[in-house]
Every structure is written in structure tokens, then in C-alpha cells.
Amino acid sequence: MEKERIQELIQTAVGQLAYSYVPYSHFHVGAALLAKDGSIYKGCNIENAAYTPSNCAERTAFFKAVSEGVKEFSAICVVGGQDGKLTEYTPPCGVCRQVMMEFCDPETFEIILATDTEHYQVLRLKELLPMGFGPGNLT
Ligand code: THU
């Protein structure tokens, strides 16, 4: 993916940090999910007083897209940090990696971890979830 597109995704993900609902962890996460049709679905983490219903930023973005009929994706950018300060990369949790496995090709789907528009790392899903179990295993 070209740098301008990556930077657009980073800026979109950073913009989501303001919407994170994180009264318990105070750890803000923003996500920007790029669909193959070029549209971008935005997500933030949404916590809950009962803890387990909390939803990660990545899954918020995926579920928004799928709920609108979009199921083909090329990349996701994830940013996060305590009190919204981006000092380190925020890698997707295991549950979110599994959701990516459901809808994305592990060979090509790109995960962009960033702290700002000049500092980022691009990984493939297969690197973050080697030998993942997906829809192909049930056919
Ligand atoms: N979180 C995400 O939204 N995405 C990740 O990839 C890692 C963790 C959220 C869940 C919870 O609201 C907070 O970060 C602390 O775990």
C-alpha cells in the first residue's frame, strides 16, 4: 500500500481515540478498517461495567462494516495508549485476530501499527496469527 493511504488510515484511527469509551482501563484504542471497495470503517473500544461485554476498536470496525454488507477488506490500522497517548504500538488481541481470520486473507491482509504518521509497522495477518483456524478449515 502506498504511504499516503497508510497515513490516511493512521490519521483516521487517531481521530477515533476521542470516542473510546474507557472509564475502566483509560486505555484508548482507535481503528480504521479499509474495505476492498475503498471505504473506511472506523472503530473505537467500548468498555462496560460488567467488563466482559467490552469491545475492542478493531471488532467495532469489523462489525460496523459487516452489518452494512461489507465483508472484503485489505487492511486495518490500530493505534492506542493509556490516556490516549501513543507511545507504543498496540497489537490486536487474540480475539480480534480471530475475527480478522474470518473475513480476511491471512496472506494479504495488512495490519498497520502506528504511533504517528511517520512511525508505523505493516504486518500480514499470517504473521500475527500463524496457522490460524478459519472458514477454509470447515469446508
Ligand atoms: N483493546 C482494543 O480495543 N484493541 C486491542 O487490540 C487491544 C485492547 C482495548 C480493550 C480494552 O478496552 C482496553 O483496550 C484495555 O485492554
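Biologist: What makes the link between the ligand and glutamate 58 a polar contact?

Modeller: An oxygen atom of the ligand is 2.5 Å from an N or O atom in the side chain of glutamate 58. A polar contact is a pair of N or O atoms within 3.5 Å; within protein, one must be able to donate a hydrogen and the other to accept it, and residues adjacent in sequence count only if both atoms are side-chain atoms. The 2.5 Å is within 3.5 Å, so the pair qualifies. This is a predicted model: local features need pLDDT of at least 70, side-chain atom pairs count only at pLDDT 80 or more, and totals for chains, interfaces and linings use all residues. Residues are numbered from 1 along each chain as its sequence is written, and side-chain values use heavy atoms, with hydrogens and water left out.

Biologist: Which backbone atom lies 3.3 Å from an oxygen atom of the ligand?

Modeller: One is a backbone N or O atom of cysteine 93. A polar backbone atom of proline 91 is also 3.3 Å from a ligand oxygen. The protein covers 77% of the 370 Å² of accessible area that the ligand has on its own (Shrake-Rupley method, 1.4 Å probe; for residues, only the protein chains shown count as cover).

Biologist: How many nonpolar, polar and charged residues are in the shell around the ligand?

Modeller: Seven are nonpolar, two polar and two charged. Ala, Val, Leu, Ile, Met, Phe, Trp, Tyr, Cys and Pro count as nonpolar; Asp, Glu, Lys and Arg as charged; the others, Gly among them, as polar.

Biologist: Why is asparagine 45 called buried?

Modeller: Its relative accessible area is 7%. Buried means under 20%, exposed over 50%, and partly exposed in between (1.4 Å probe, protein chains only). Since 7% is under 20%, asparagine 45 is buried. Its side chain makes a polar contact with the side chain of serine 20, at 2.8 Å. A polar atom of the asparagine 45 side chain also lies 2.8 Å from the backbone oxygen of phenylalanine 27.

Biologist: How do you know whether serine 39 is buried or exposed?

Modeller: Neither word fits, because its relative accessible area of 23% makes serine 39 partly exposed.

Biologist: What is unusual about the phi of histidine 26?

Modeller: Most residues other than glycine have a negative phi. Histidine 26 is not a glycine, yet its phi is positive, about 60°. Aspartate 83 also has a positive phi, near 55°.

Biologist: Why is aspartate 83 called partly exposed?

Modeller: Its relative accessibility is 48%, which falls between the two cut-offs, so partly exposed is the right term.
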